[in-house]
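Here are my notes on this model, set out as numbered points. Please read them with the structure open.

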Amino acid sequence: MTAPAKPQPLRPQWQAIPQALRDVPAWVAWRYEWRADKQGAGKWTKPPRRAVGDGYAATNKPDTWADFESARKAADHADGVGLVLTADLVGVDLDHVIGVDGVIEPWATEVIERFRGAYI
């Protein structure tokens, strides 16, 4: 199977990222990669890449992470950036939250409300 068109990534809203997260030296870049499966299908994935240098980053290898500014510069040559969740950082990943009417699904609104005041 030929890969479908690569998804169009959203650009980071740098000014909206809190300083407390900018200060965490656990940033990575990512680029979409097509991964085919044995049945001939596949999907686009977003493996973490080093923001400084070449190669992949690993969530369990701090020497593959970078500071915020390095990741910001790497974003010019990547599809996006990410923050490795370390220490007391927690992430909540909600997929498929926008309904066909363009409104956030009620179940997702409930989750968002539970974390009011957090960076989302």
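1. Start with Asp-79. This is a predicted model, and in it Asp-79 counts as buried, at 10% relative accessibility. The cut-off for that label is under 20% relative accessible area. Asp-79 has a charged partner: Lys-6 forms a salt bridge with it, with the closest N and O atoms 3.2 Å apart. Lys-6 is partly exposed, at a relative accessible area of 44%.

2. What does this pair tie together? Lys-6 sits in the segment before α1 (19-22), and Asp-79 in the loop between α2 and β5, so the salt bridge links parts that are 73 residues apart in sequence.

3. How many salt bridges does a search of the whole structure find? The search gives 4. One of them joins the side chains of Arg-35 and Glu-33, at 3.2 Å from N to O. Glu-33 is buried, with a relative accessible area of 17%. Arg-35 is partly exposed, at 41%. Arg-49 belongs to this picture too: Glu-33, Arg-35 and Arg-49 are linked in a network of salt bridges.

4. Arg-116 and Glu-113 also meet through their side chains in a salt bridge, at 2.5 Å from N to O. Arg-116 is exposed, with a relative accessible area of 63%. Glu-113 is partly exposed, at 40%.

5. Now the sheet. It is open, has 3 strands in the order β4-β1-β5, and pairs antiparallel. The edge strands are β4 (48-49) and β5 (80-83), and each pairs on one side only. Between β1 and β4, which run antiparallel, there are 2 bridges. Trp-30 has Pro-48 of β4 as its bridge partner.

6. Next, the nonpolar interior. The largest nonpolar core has 13 residues, and the members that touch the most others are Trp-14, Ile-17, Trp-27, Ala-51, Phe-68, Ala-71 and Val-81. Two elements, β1 (27-30) and α2 (68-74), give two or more residues to this core. The largest share, 3 residues, comes from α2. In general, nonpolar side chains tend to be buried together in soluble globular proteins.

7. Look at Ile-17 within that core. Which residues does Ile-17 contact, leaving aside its neighbours within four places in sequence? They are Arg-22, Trp-27, Phe-68 and Tyr-119.

8. Apart from the largest core lies another, of 6 residues. Its members include Val-24, Val-28, Ala-57 and Trp-65.

Conventions:
Residues are numbered from 1 along each chain as its sequence is written. This is a predicted model: local features need pLDDT of at least 70, side-chain atom pairs count only at pLDDT 80 or more; totals for chains, interfaces and linings use all residues. Side-chain values use heavy atoms; hydrogens and water are left out. A nonpolar core is a set of buried Ala, Val, Leu, Ile, Met, Phe, Trp, Tyr and Cys residues joined through side-chain atoms within 4.5 Å. Buried means under 20% relative accessible area, exposed over 50%, partly exposed in between (1.4 Å probe, protein chains only). Helices (H or I, at least four residues) and strands (E, at least two) are DSSP runs, numbered from the N terminus. Contact means heavy atoms within 4.5 Å. Two strands pair if DSSP finds at least two bridges between them.
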